[in-house]
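Got your viewer ready? Load the model, switch to a cartoon view, and keep the selection box handy.

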Amino acid sequence: MGLISLLWGIVSLLWMVLALIPFLGWGNWFLIPFAAIGAIIGAIGMAVTSPGKRGRAKTGLLLNAVVIVVAIFRLSIGGGII
């Protein structure tokens, strides 16, 4: 689960970089639910993994959370469209 969340977070991060380009900000509307699913997978991975092996799940959860925050901030700056 941790590896899936980490890979999901990397894809979300790449998508976020693309959505930062002007006039492609509408991609954030699709990015936020996508990253939220990755964060949920990371949280489940943290819940079912032993404490010594939670590194990937924590990283995936953190990466997806950062992507969500940046995407929401970008939408608020651009008025939700640009």
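What follows is a tour in stops, each with something to select and a note on what is there.

**Before you click**

This is a predicted model, where local features need pLDDT of at least 70 and side-chain atom pairs count only at pLDDT 80 or more, while totals for chains, interfaces and linings use all residues. Residues are numbered from 1 along each chain as its sequence is written, and side-chain values use heavy atoms, with hydrogens and water left out.

**Stop 1: the whole chain**

Start with everything selected. You'll find three helices and zero strands, running α-α-α from the N terminus on. Helices here are DSSP runs of H or I with at least four residues, strands are runs of E with at least two, and both are numbered from the N terminus. Turn the chain around: its C-alpha atoms fill a box of roughly 45 × 15 × 15 Å along the principal axes.

Now show the surface. The protein chain exposes about 4,900 Å², and carbon and sulfur atoms supply 83% of that. Areas like this come from the Shrake-Rupley method with a 1.4 Å probe, and for residues only the protein chains shown count as cover. Of the 82 residues, 33% are buried. Buried means under 20% relative accessible area, exposed means over 50%, and partly exposed is in between (1.4 Å probe, protein chains only).

How much of the contact list links distant parts of the sequence? Among contacts with a separation of 6 or more, 73% are between residues 24 or more positions apart. A contact means heavy atoms within 4.5 Å.

**Stop 2: the core**

Select Met 16, Leu 31, Ala 35, Val 67, Ile 68 and Ala 71. These six residues form the largest nonpolar core. Helices α2 and α3 each supply at least two of its residues, and α3 has the largest share, with three. A nonpolar core is a set of buried Ala, Val, Leu, Ile, Met, Phe, Trp, Tyr and Cys residues joined through side-chain atoms within 4.5 Å.

Zoom in on Met 16, which sits in helix α1. Is Met 16 buried or exposed? Its relative accessible area is 8%, so it counts as buried. Skipping residues up to four places away in sequence, Met 16 touches Leu 31, Val 67 and Val 70. Then pick Ile 68: with the same neighbours left out, Ile 68 touches Ile 32, Ala 35 and Ala 36.

**Stop 3: Asn 64**

Go to helix α3, residues 55–77, and select Asn 64. Asn 64 counts as buried because its relative accessibility is 0%. What does the side chain of Asn 64 reach? It comes to 3.4 Å from the backbone oxygen of Gly 38. That is a polar contact, meaning a pair of N or O atoms within 3.5 Å; within protein, one must be able to donate a hydrogen and the other to accept it, and residues adjacent in sequence count only if both atoms are side-chain atoms. Leaving out neighbours within four places in sequence, the residues in contact with Asn 64 include Ser 5, Trp 8, Ala 35 and Gly 38.

**Stop 4: along helix α1**

Helix α1 covers residues 2–19, and Ile 4 is in it. At 44% relative accessible area, Ile 4 is partly exposed. Try the distance tool from Ile 4 to Arg 56: they are 52 residues apart in sequence, but 8.8 Å apart C-alpha to C-alpha. Ile 10 is in helix α1 too, and is partly exposed at 38%. The C-alpha atoms of Ile 10 and Gly 60 are separated by 8.1 Å, with their positions 50 residues apart along the chain.

**Stop 5: the loop**

Next, click Phe 23 in the loop between α1 and α2. Phe 23 counts as exposed because its relative accessible area is 64%. Check its backbone as well: phi of Phe 23 is near 70 degrees, a positive value in a residue other than glycine.

**Last stop: Val 48**

Finish in helix α2, where you'll find Val 48. With 62% relative accessibility, Val 48 counts as exposed. Helix α2 itself spans residues 27–48.
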